Amino acid sequence: LGATGRVEAAEAMCEYGVGEALGWSGGVTVLVQLSFFIVAAYFEFDKVTDFAGGTNFVLLAILGLLLEHTYLARQILITACIVVWGTRLSGYLLIRVLKTGKDARFDKLNRGFSLEFAGFWLGQAVWVWVVSLPVTLINAQCGQAPQLGAWDYVGAAVFGVGLVLETVADQQKFEFKNDEANKGRMCVVGTWSWSRHPNYFGEMLVWLGVFLMAVGAGLGWMWLLLAAMSPLLVTVLLLFVSGMPILEANAARDYGETDEYKKYVSETSILFPVPPSVYAGLPSWVKTTVLCEWPMYGVAADAYTRVD
């Protein structure tokens, strides 16, 4: 083969490897979620749902690194990031549900072998596979990948900030809720005094950082657009589906008549961390556009079932 032929052959091998990686990662994810579903449905409990999701991310990252046998610096970096993030999150959520005794999302669902319970696990499988795409694609690269560069360092920094913010916010709320002196009160301390959902903002930063590392990997436009589905899905779910709409509705039901709640909402950014003194003085158009204080969060209370 000439030089051109060798390059084309290498590129073909890389693309074939990526296709295989997308296939096996989907198969492993379905197998993991199906296994957890069978156990959860048989014993009719819901304590392993979030644990199953977090550990699935970790498993895909580690398998992707080991199966390709290339061990490029970017692959090691992004795998380490996901292992740290997934281990922390799945462990925290497992401890939280064991402490509370149940996952209230399933209070009105049949936890046995029902279509509605199976639907949750199917949705979780899709979520894990799609959000893991940047990691899967990077770990499927051959030796032609670029060296670590600015995109990787920026991505790692954004990931790190997001991880720290999410971890601190989760810990602050966990300690607040488990203090008997705070029973029946909103968590408005620490990071929660600057944002009503600091953990969600941290989660968005985590996957934005992962995607930025994929940009630096030189995947090509087709694969990069596929990788972009990861932070996009995370953001859409948290902003419009299973995150902020439900929690904002719950808070309005629980505390909507209290002066503390009204003051908190008027002075605290819904998502982006902003000092309360600064946020309170911002024009309303800035809050309702740039800072995501959209009308849907103020009127959605009757549209959602309460979820703790």
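**Exercise 1.** Start with Tyr 71, which lies in the loop between helix 2 and helix 3 (73-100). In this predicted model, is Tyr 71 buried, partly exposed or exposed?

*Solution.* Begin with the backbone: phi of Tyr 71 is near 50 degrees, a positive value in a residue that is not glycine. Next, take the relative accessibility, which is 40%. Buried means under 20% and exposed over 50%, with partly exposed in between, so Tyr 71 at 40% counts as partly exposed.

**Exercise 2.** Now go to the loop between helix 1 (3-43) and helix 2 (49-68). Which residue there has a positive phi, near 55 degrees, without being glycine?

*Solution.* Look just after helix 1 (3-43): Glu 44 has its place in this loop. Its phi is near 55 degrees. Then check the surface: the relative accessible area of Glu 44 is 53%. Exposed means over 50%, so Glu 44 is exposed.

**Exercise 3.** What kind of aromatic pair do Trp 294 and Tyr 297 form?

*Solution.* Of the 16 aromatic pairs counted, take the one formed by Trp 294 and Tyr 297, with 6.1 Å centre to centre and 15 degrees between the planes. The centres must lie within 6.5 Å, and planes under 30 degrees apart count as stacked, so this pair is stacked. Finally, compare the partners: Trp 294 is partly exposed at 23% relative accessibility, whereas Tyr 297 is buried at 6%.

**Exercise 4.** Which charged end sits over the ring of Tyr 279?

*Solution.* Find the ring centre of Tyr 279, then look 4.6 Å away: the charged end there belongs to Lys 287.

Definitions and conventions:
Residues numbered from 1 in each chain as written. Predicted model: local features only at pLDDT ≥ 70, side-chain atom pairs only at ≥ 80, totals over all residues. Heavy atoms only, no water. Phe/Tyr/Trp six-rings, centres within 6.5 Å; stacked < 30°, edge-to-face > 60°. Buried < 20%, exposed > 50% of the residue type's maximum accessible area, 1.4 Å probe, protein only. Lys NZ or Arg CZ within 6 Å of the ring centre and 35° of its normal. Helix = DSSP H or I, 4+ residues; strand = E, 2+ residues; numbered from the N terminus.
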